[in-house]
Amino acid sequence: AKGFRGRSKNCYSLAVRRVQKALQYQYVSRRLKKRDMRTLWIQRIGAATSENGISYSTFVHRLATSDVLLNRKVLSEIAVHEPKSFKALADFAKKRHEDGLRAAL
């Protein structure tokens, strides 16, 4: 219980409870961190796709149907650090849609 405030650092019975609670918070936070990171990746991809004139959901769907196996983490890194490469992916998704319409006719 080192670093705790008040009686939680001095009184043994309180310190035991506080350490147990801290371990519970730690367990939950490891899962929340994953959720928060996924949300961040989706926001970054969404901002980059709107700059390129396509919606996030359409972009992800067209990449999935085109068998492009890039996950959201990699797509967000590409969107932040290599905008030209991301633009090429967005153009690919747009072109894929146009090709699909032509193939359907």
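The exercises below, each with a worked solution, concern a predicted model.

**Exercise 1. Helix 1**

Task: Compare the reach of helix 1 with the span expected for it, and list its buried residues.

Solution.
- Step 1. Helix 1 runs over residues 12-51 and has 40 residues.
- Step 2. At 1.5 Å a residue, the expected span is 58 Å.
- Step 3. From its first C-alpha to its last, helix 1 reaches 57 Å, which is close to that expectation.
- Step 4. The buried residues in helix 1 are A15, W41, I45, A48 and T49.
- Step 5. Just after helix 1 comes G53, with a positive phi of about 80°.

**Exercise 2. Two residues of helix 1**

Task: Decide for T49 and for Q24 whether the residue is buried, partly exposed or exposed.

Solution.
- Step 1. Buried means under 20% relative accessible area, and exposed means over 50%.
- Step 2. T49 lies in helix 1. Its relative accessible area is 0%, so T49 is buried.
- Step 3. Leaving aside neighbours within four places in sequence, T49 is in contact with I54, S55, Y56, F59 and F86.
- Step 4. Q24 is also found in helix 1. Its relative accessible area is 46%, so Q24 is partly exposed.
- Step 5. Q24 and T58 are 34 residues apart in sequence, and their C-alpha atoms are 39 Å apart in space.

**Exercise 3. The largest nonpolar core**

Task: Name the members of the largest nonpolar core and state which helix gives the largest share.

Solution.
- Step 1. The core has 12 residues: I45, A48, I54, F59, L63, L75, I78, A79, F86, L89, A90 and A93.
- Step 2. At least two residues of this core come from each of helix 1 (12-51), helix 2 (56-65), helix 3 (72-81) and helix 4 (83-104).
- Step 3. Helix 4 gives the largest share, with 4 residues.
- Step 4. One of the core members is A93. Not counting residues up to four places away in sequence, A93 touches I54, F59 and R62.

**Exercise 4. The buried side of helix 2**

Task: Find out where the buried residues of helix 2 lie around its axis, and which exposed residues are on the face turned away from them.

Solution.
- Step 1. F59, R62 and L63 are the residues to place; they are buried in helix 2.
- Step 2. These residues cover an arc of only 100° around the axis, so they are on the same side of helix 2.
- Step 3. The face turned away from this buried side carries S57 and H61, which are exposed.
- Step 4. R62 has a relative accessible area of 16% and therefore counts as buried. Neighbours within four places in sequence aside, R62 is in contact with I54, A93, K94 and H97.

**Exercise 5. The aromatic pair**

Task: Describe the geometry of the rings of F59 and F86, and say which helices the pair ties together.

Solution.
- Step 1. The count of aromatic pairs is 1.
- Step 2. The ring centres of F59 and F86 are 5.1 Å apart and the planes stand at 45°, so the pair is tilted.
- Step 3. F59 lies in helix 2 and F86 in helix 4, so the pair ties together parts that are 27 residues apart in sequence.
- Step 4. Both F59 and F86 are buried.

**Exercise 6. Charges over rings**

Task: State which ring face R18 lies over, and which R31 lies over.

Solution.
- Step 1. R18 lies over the face of F4, at 5.6 Å from the ring centre.
- Step 2. R31 lies over the face of Y27, at 4.0 Å from the ring centre.

**Exercise 7. D67 and helix 3**

Task: Describe D67, then place the buried residues of helix 3.

Solution.
- Step 1. D67 is found in the loop between helix 2 and helix 3.
- Step 2. The phi of D67 is positive, about 60°, although D67 is not a glycine.
- Step 3. The relative accessibility of D67 is 64%, so D67 counts as exposed.
- Step 4. In helix 3 the buried residues are L75, S76, I78 and A79.
- Step 5. They cover an arc of only 160° around the axis, which puts them on the same side of helix 3.
- Step 6. V74 is in helix 3 as well. With a relative accessible area of 34%, V74 is partly exposed.
- Step 7. V74 and M37 are 37 residues apart in sequence and 12 Å apart in space, C-alpha to C-alpha.

Note on methods
Residues numbered from 1 in each chain as written. Predicted model: local features only at pLDDT ≥ 70, side-chain atom pairs only at ≥ 80, totals over all residues. Heavy atoms only, no water. Core = buried A, V, L, I, M, F, W, Y, C linked by side-chain atoms within 4.5 Å. Buried < 20%, exposed > 50% of the residue type's maximum accessible area, 1.4 Å probe, protein only. Contact = heavy atoms within 4.5 Å. Expected span 1.5 Å × (residues − 1). Arc of directions from axis to C-beta. Phe/Tyr/Trp six-rings, centres within 6.5 Å; stacked < 30°, edge-to-face > 60°. Lys NZ or Arg CZ within 6 Å of the ring centre and 35° of its normal.
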